[in-house]
Amino acid sequence: MSPLMVGFDLDMTLVDSRPGIAAAFRALTARTGVPVDEELAVSRLGPPLRTELAYWFPPERVEEAVTLYRELYPAYAITPTVPMPGAAAALRAVHARGGRTMVVTAKIGRLAQLHLDHLGLPVDELAGDLFAEQKATALREHGATLYVGDHVADMAAARAAGIPGVAVATGHCTPDELSAAGAEVVLDDLAEFPAAVDRIIGLALEG
């Protein structure tokens with residue numbers, strides 16, 4: 001097995017799920033009668049679903065909302081979601097260098113897999129329902145040598161796993177915030193990843 005394993009976050013790293021998630025939140029509002037500001041919700045993607053729903057639902061209804069949202073998600077959120085610029089090329093760049101790829105995401109695995117299948121993004125491993133330092137467990141288990149994400153919590157995951165964090169400034173976290181969170185490299189987006197991959201791999205394998 002190749003020593004190179006690159007982990008990627010999903011939302012706003014590999015895929016722009018904002019249109020789909022907004023549609024799922026609109027459907028949730030229609031079903032529950034509880035208004036969710038979907039534009040505000042999608043502006044802060046990254047934390048687990050329960051965290052977002054707790055802003056809108058009383059505590060005793062959050063788990064009900066989580067279950068219903070996940071039931072609605074395949075019908076509303078998959079088709080509108082698009083790949084982030086450079087996502088497919090970034091995965092190809094890793095595979096071209098004999099490496100393997102994995103997605104580690106706060107989204108539950110079966111919904112993350114629907115996105116990957118729909119967009120034809122080939123990854124070798126998938127771990128879902130993990131956030132921030134929780135992601136480190138999966139990264140270590142699969143021998144990840146670096147982790148790519150758009151959120152400061154992704155950089156916390158990389159630190160907890162003892163591997164370099166590579167940030168893409170495609171979510172709501174700024175480059176300065178990502179650097180302050182410990183990113184070894186901050187890219188504008190994944191379109192820059194293939195050109196930088198050898199330098200980034202060097203960081204990982206030296207670490």
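Five residue pairs make polar contact across the interface of domain 1 and domain 2, with both partners at pLDDT 80 or more. That confidence bar is there because what you're looking at is a predicted model. On the domain 1 side of this interface, β2 (15-16) and α6 (109-119) each bring at least two residues. The biggest share belongs to α6, with five residues. Sort the domain 1 residues that touch domain 2 by character and you get seven nonpolar, four polar and five charged.

There's also one salt bridge across the boundary of the two domains. As for salt bridges in the model, the side chains of Arg 18 and Asp 16 form one, at 2.8 Å from N to O.

Now step back to see how the chain is divided up. The domain assignment builds domain 1 from two stretches, 5-16 + 82-204, and gives 17-78 to domain 2. Go from one domain centre to the other, over C-alpha atoms, and you cover 24 Å. Where the two meet, domain 1 puts in 16 residues and domain 2 puts in 15.

How much area do the two domains bury between them? It comes to about 1400 Å², and 62% of that lies on carbon and sulfur atoms. On the domain 1 side, the residues that give up the most area to domain 2 are Asp 16, Leu 111 and His 115, which together account for 31% of what that side buries. Asp 16, then, turns up twice: in the salt bridge with Arg 18, and among the residues of domain 1 that lose the most area.

Notes:
Residues numbered from 1 in each chain as written. Predicted model: local features only at pLDDT ≥ 70, side-chain atom pairs only at ≥ 80, totals over all residues. Heavy atoms only, no water. Domains from an automatic or database assignment. Contact = heavy atoms within 4.5 Å. Buried area = accessible area lost by both parts, 1.4 Å probe. Salt bridge = Lys/Arg side-chain N within 4 Å of Asp/Glu carboxyl O. Polar contact = N/O pair within 3.5 Å; in protein donor to acceptor, adjacent residues only side chain to side chain. Helix = DSSP H or I, 4+ residues; strand = E, 2+ residues; numbered from the N terminus. Nonpolar A, V, L, I, M, F, W, Y, C, P; charged D, E, K, R; others polar.
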